[in-house]
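Dear colleague,

Please find below the structure that I am handing over to you. I would be grateful if you would keep it open while reading the notes that come after it.

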Number of protein chains: 2
Amino acid sequence: MDVGGTLYALRTQRGLSQRELARRCGVANGTISLIESNAINPSVGLLRQIVHALPMNLSEFFAFEHLEERKLFYRASELREIGGKGISYRQIGTNLNGRALQMLDEVYAPRTDTGKTMLHHTGEEGGVVISGEIEVTVADQRAILGPGDAYYFDSNLPHRFRNIGKEPCHIVSAATPPSF
Amino acid sequence: MDVGGTLYALRTQRGLSQRELARRCGVANGTISLIESNAINPSVGLLRQIVHALPMNLSEFFAFEHLEERKLFYRASELREIGGKGISYRQIGTNLNGRALQMLDEVYAPRTDTGKTMLHHTGEEGGVVISGEIEVTVADQRAILGPGDAYYFDSNLPHRFRNIGKEPCHIVSAATPPSF
DNA sequence: TTGAAGTGTTTTTTATAATGAACACATGCT
DNA sequence: AGCATGTGTTCATTATAAAAAACACTTCAA
């Protein structure tokens, strides 16, 4: 169901970069990127070549994929990073297809922002601030939340998160259904 | 190493035709043919779709592939048919890559012939006639062989087999290295 | 502060997989 | 015989994967 997520999990588990893996198996690094984001549907031969460099065989690879689907517990190092640019979103589970919930462990670096154009998507979301401070804007309401404070709103409402402080802000959030 | 052979073995094991399998998984029947002959390198997604119709998952599929590589014994029904047009060649083993020997259980229907243009390829080959009669021509020599008779020659010599009798002719043969 | 080397992503081109239709052959039925 | 239905293969077209290069960004060292 999720070849890209499985490859990502196995690669990062081994501490390899996309380029290092690409070098070891003789595949273009861009191809690894596209596979991990499920943007392409790799051929069996190519996937075999990549997986051998892990090193692993295809039977083990797909067995691991099935294990992932039934995974219950995640070590801190196993959360999947899906953020970027100073905002870290570490997701519980690599493949959320068919799941109801998207849980994230978020860290906003100082002066980071989800952007001037407000976010909006179907569903509902909530979160609790663990440390630091965050300015949350939802529709026409705005608040600065600190440790222990929380939020909950309909994701259809335009919303925005900004860390206007000098400390990183750590939040644990949940959304239903998963949005990206 | 041999996705095509593995798919062939699993499909025929279940008594399915290429078209029946194609119908069940929603794939073009020609595609199944091309995969089985290793003429194309299917995508993971497509192979998954096909394998699910067997029904099986990819981990099991590739585990089976590894089993095949170490297979020692073959039931009569498991020999792989690689002949056609009245001449049956039933090969021991589906994938001969890296193997030294090609063993065949051959049946020539009455009035069949390997063709007017003589065969030739590197290696050596031999065989024993089990039943029926066969006319064997090698270079400038010709003989009619019956049950218990045998042949052995350098495959570089032009050769031809013709069943000129009224009974099917059954031969067990070996060649090294495998030629097709 | 500049630049070199690292990261993952995106784009353009080329190669190839996948389809759908046609083909060639066999079997069985009327 | 003649036709329908089955088999696997092959071909031309379309869709898509894979490579190579450019891109945007970070980190670290001079």
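The notes below take up the domains of chain A, the contact between the two protein chains, and the surroundings of each DNA strand.

Please bear in mind throughout that this is a predicted model.

**Domains of chain A**

The domain assignment divides chain A into domain 1, residues 3–69, and domain 2, residues 76–176. Between domain 1 of chain A and domain 2 of chain A, the contact involves 6 residues of the former and 4 residues of the latter. The C-alpha centres of these two domains of chain A are 29 Å apart.

About 440 Å² is buried between domain 1 of chain A and domain 2 of chain A, and carbon and sulfur atoms account for 38% of that area. The rule finds 0 salt bridges across this interface, and the count of residue pairs in polar contact, with both residues at pLDDT 80 or more, is likewise 0. On the side of domain 1 of chain A that touches domain 2 of chain A, helix H1 (3–13) and helix H5 (58–69) of chain A each contribute at least two residues. H1(A) gives the most, with 3 residues. By class, this side of domain 1 of chain A consists of 2 nonpolar, 1 polar and 3 charged residues.

**Contact between chain B and chain A**

How many residues does the contact take from chain B and from chain A? It takes 17 residues from chain B and 17 residues from chain A. The size of an interface is often expressed as the accessible area that is lost when the parts come together. For chain B and chain A, the buried area is about 1,200 Å², with 59% of it on carbon and sulfur atoms.

The rule finds 2 salt bridges across the interface of chain B and chain A. In one salt bridge, Arg48(B) is paired with Glu65(A), and their closest N and O atoms are 2.8 Å apart. Between chain B and chain A, 9 residue pairs are in polar contact, counting pairs with both residues at pLDDT 80 or more. The side of chain B that touches chain A receives two or more residues from each of helix H4 (44–52) and helix H5 (58–69) of chain B. H5(B) gives the most to that side, with 6 residues. The classes on this side of chain B are 9 nonpolar, 6 polar and 2 charged residues.

**Surroundings of DNA strand C**

DNA strand C has 18 residues around it, and those that come nearest are Ser17(A), Arg19(A), Ser33(A), Thr31(B) and Ser43(B). Among the atoms of DNA strand C within 4 Å of the protein, 62% belong to sugar or phosphate, and the rest belong to bases.

Three individual contacts with DNA strand C may be listed:

- An N or O atom in the side chain of Ser17(A) is 2.6 Å from a phosphate oxygen of DNA strand C.
- For Ser33(A), an N or O atom in the side chain is 2.7 Å from a phosphate oxygen of DNA strand C.
- Asn29(A) places a polar side-chain atom 3.0 Å from a base oxygen of DNA strand C.

Helix H2 (18–25) and helix H3 (29–36) of chain A each supply at least two residues of the surface near DNA strand C. H3(A) provides the largest share, 4 residues. The surface near DNA strand C comprises 6 nonpolar, 8 polar and 4 charged residues.

**Surroundings of DNA strand D**

Which residues are the closest to DNA strand D? Of the 18 residues that surround DNA strand D, the closest are Ser43(A), Ser17(B), Gln18(B), Arg19(B) and Ser33(B). Sugar or phosphate accounts for 64% of the atoms of DNA strand D within 4 Å of the protein, and bases for the rest.

Contacts with phosphate oxygens of DNA strand D include the following:

- The side chain of Ser17(B) has an N or O atom 2.7 Å from a phosphate oxygen of DNA strand D.
- A backbone N or O atom of Ser43(A) is 2.8 Å from a phosphate oxygen of DNA strand D.
- A polar backbone atom of Ala28(A) lies 3.5 Å from a phosphate oxygen of DNA strand D.

Helix H2 (18–25) and helix H3 (29–36) of chain B are the elements that give two or more residues to the surface near DNA strand D. H3(B) gives the most, with 4 residues. The residues of this surface divide into 6 nonpolar, 8 polar and 4 charged.

With kind regards

Notes:
Residues are numbered from 1 along each chain as its sequence is written. Chains are lettered from A and ligands numbered from 1 in the order in which they are written. This is a predicted model: local features need pLDDT of at least 70, side-chain atom pairs count only at pLDDT 80 or more; totals for chains, interfaces and linings use all residues. Side-chain values use heavy atoms; hydrogens and water are left out. Domain bounds come from an automatic or database domain assignment. Contact means heavy atoms within 4.5 Å. Buried area is the accessible area (1.4 Å probe) that two parts lose on being put together, summed over both. A salt bridge is a side-chain nitrogen of Lys or Arg within 4 Å of a carboxyl oxygen of Asp or Glu. A polar contact is a pair of N or O atoms within 3.5 Å; within protein, one must be able to donate a hydrogen and the other to accept it, and residues adjacent in sequence count only if both atoms are side-chain atoms. Ala, Val, Leu, Ile, Met, Phe, Trp, Tyr, Cys and Pro count as nonpolar, Asp, Glu, Lys and Arg as charged, and the others, Gly among them, as polar. A residue is near a molecule or strand if one of its heavy atoms lies within 4 Å of it.
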